Structure formats: C-alpha cells, structure tokens
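This briefing is meant to be read alongside the sequence and the coordinates. It goes from the whole chain to a sheet, then to the helices, and ends with a single arginine.

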Amino acid sequence: MRGDFLRRFSEPVVRRLLHFYWRLARGLTVGVRGLVIDAQGRVFLVKHSYVAGWHLPGGGVEVGETLAAALARELREEANIELRGPPALFAVYLNRRISRRDHVALYVVRSFEQSVPPQPNREIVAHGFFAPGSLPEDTTRGTRERIAEVLAKRIVAEFW
C-alpha cells in the first residue's frame, strides 16, 4: 500500500520533470506501442511500477532509432516478445495528456514468439494476455480505446 501512495504522489512530479527535460533536450518526443494479439485473440498488457494501470507495451524512440526498431526493442525488454514478421503501423496519435509535443505510433503485432513469459522486475511488475472483453479493471482509457479501434473497428482518434 505504501508503494501505491508513493507512486501516486510522485508520478505527476516525475512526469513533469522528465517532460521539462525532454522539452529542452528534444523538440518532439515520439513513442511506440504494440497491440500484440495472440492466436486466441487475446491482447498483451503490462503494468509498470511507476505509472498506474495496465498499458500496451512500448516506450520512447531513441535518437537514431527507427520506429520499428524501437518497437522490437521495447517488446523484447518489456514482454520477452520477438517479432517474427513485420508489425503493421495502425495510427499515429498526439498524446496531449503528456505534452503538446508527444506522439505515439501504434503498431499491431500478430506474428511473434514469446518463448517464456518475462519475469516481473523494477519496471514491469505484472503482465499477461487478456481477452478484449475481460481486460483488467484498471486498464487505462487510452489502452481500451486503442484496442477497440483495432479490434472493434471503431473510428480512429487523433489523440491518445
């Protein structure tokens, strides 16, 4: 319980500090997220130690890194998932909740291998494949909307 309190208290402060730094260091931030769908139609989600809720795996694109390379790296690091075919770029969103400069590229991943599930660590405290109709209760709004856009063919939003 104490960890949840500390995270809720520190999360907004840490996020603002990081984005202030990124604003000075980078003119624009770009991230990637992967909607990984297994053969049973379940989606892979992760729960971070430093931010509330369940999310699609992904993260920031490093300087000199392509979007596809960043996605492959993030899936490997967060989910022990190796791409076995090209992911499909679904959409690019502006994430105004983070900053006016933050963009997120969403890829759909259907061709992959996960030899063993990842072990929880300091960054990823929980993970799993979930049926789209049975997502964890605290799955974030943006994650739910992206899943609906892809699987239920809802209108694609401009904003995360």
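The points below are grouped by topic and describe a predicted model.

**Overall architecture**

- The secondary structure of the protein amounts to three helices and nine strands, and, read from the N terminus, the elements follow the order α-β-β-β-β-α-β-β-β-β-β-α.
- The protein is as compact as a globular protein of its length, because its radius of gyration of 15 Å is close to the 15 Å that the globule rule gives for 160 residues.
- Taken along the principal axes, the box filled by the C-alpha atoms of the protein is roughly 40 × 35 × 30 Å.
- Of the 160 residues of the protein, 41% count as buried, and the accessible surface comes to about 9500 Å², with 57% of that surface belonging to carbon and sulfur atoms.
- When contacts between residues at least 6 apart in sequence are considered, 67% of them join residues at least 24 apart.

**The four-stranded sheet**

- An open sheet is formed by four strands in the order β4-β1-β7-β6, and its pairing is mixed.
- The edges of this sheet are β4 (58-60) and β6 (88-94), each of which pairs on one side only, and the twist from one strand to the next averages 20°.
- Strands of a sheet pair through backbone hydrogen bonds, and the pairing can be parallel or antiparallel.
- Strand β1, which spans residues 29-36, runs antiparallel to β4 and is joined to that strand by three bridges; within this pairing, V32 has G59 as its bridge partner, while R33 stands opposite G58.
- On the β7 side, β1 is joined by eight bridges and the two strands run parallel, with G31 standing opposite V104 and V36 having V109 of β7 as its bridge partner.
- Strands β6 and β7 run antiparallel and are joined by six bridges, and one of the residue pairs across this junction links L94 to its bridge partner H103 in β7.
- Both β1 and β7 are mostly covered: six of the eight residues of β1 are buried, and in β7 seven of its eight residues are buried.

**Helices against the sheet**

- Helix α2 (residues 67-79) lies across β1, β4 and β7 (102-109), and the helix runs at about 60° to β1.
- Helix α3 (residues 141-151) also packs on the sheet, where it touches β1, β6 and β7, and its direction makes about 140° with that of β6.
- The buried residues of α3 are G142, T143, R146, I147, A148, E149 and V150, and they pack against β1, β2 (43-48), β3 (54-55), β6 and β7.
- Just after α3, the backbone of K153 takes a positive phi of about 55°.

**R146, a buried arginine**

- Is R146, which is found in helix α3, buried or exposed? R146 is buried, because its relative accessible area is 0%, whereas the cut-off for counting a residue as buried is under 20%.
- Which partners does the side chain of R146 have in polar contacts? The side chains of R146 and Y93 are joined by a polar contact of 3.5 Å, and a polar atom of the R146 side chain lies 2.7 Å from the backbone oxygen of W160.
- Once neighbours within four places in sequence are left aside, R146 is in contact with L35, L56, Y93, L106, A157, F159 and W160.
- Read with the strand limits, these contacts include L35, which falls in β1 (residues 29-36), Y93, which falls in β6 (88-94), and L106, which falls in β7 (102-109).
- Y93 and W160 therefore appear both among the contacts of R146 and in its polar pairs, the former through its side chain and the latter through its backbone oxygen, where a polar contact means a pair of N or O atoms within 3.5 Å.

Terms used:
Residues numbered from 1 in each chain as written. Predicted model: local features only at pLDDT ≥ 70, side-chain atom pairs only at ≥ 80, totals over all residues. Heavy atoms only, no water. Pairing = 2+ DSSP bridges. Axes fitted to C-alpha atoms, helices over the stretch in contact; angles between N-to-C directions. Contact = heavy atoms within 4.5 Å. Rg over C-alpha atoms; globule rule 2.2 N^0.38 Å. Buried < 20%, exposed > 50% of the residue type's maximum accessible area, 1.4 Å probe, protein only. Areas by Shrake-Rupley, 256 points an atom, 1.4 Å probe, with all protein chains shown as cover. Polar contact = N/O pair within 3.5 Å; in protein donor to acceptor, adjacent residues only side chain to side chain.
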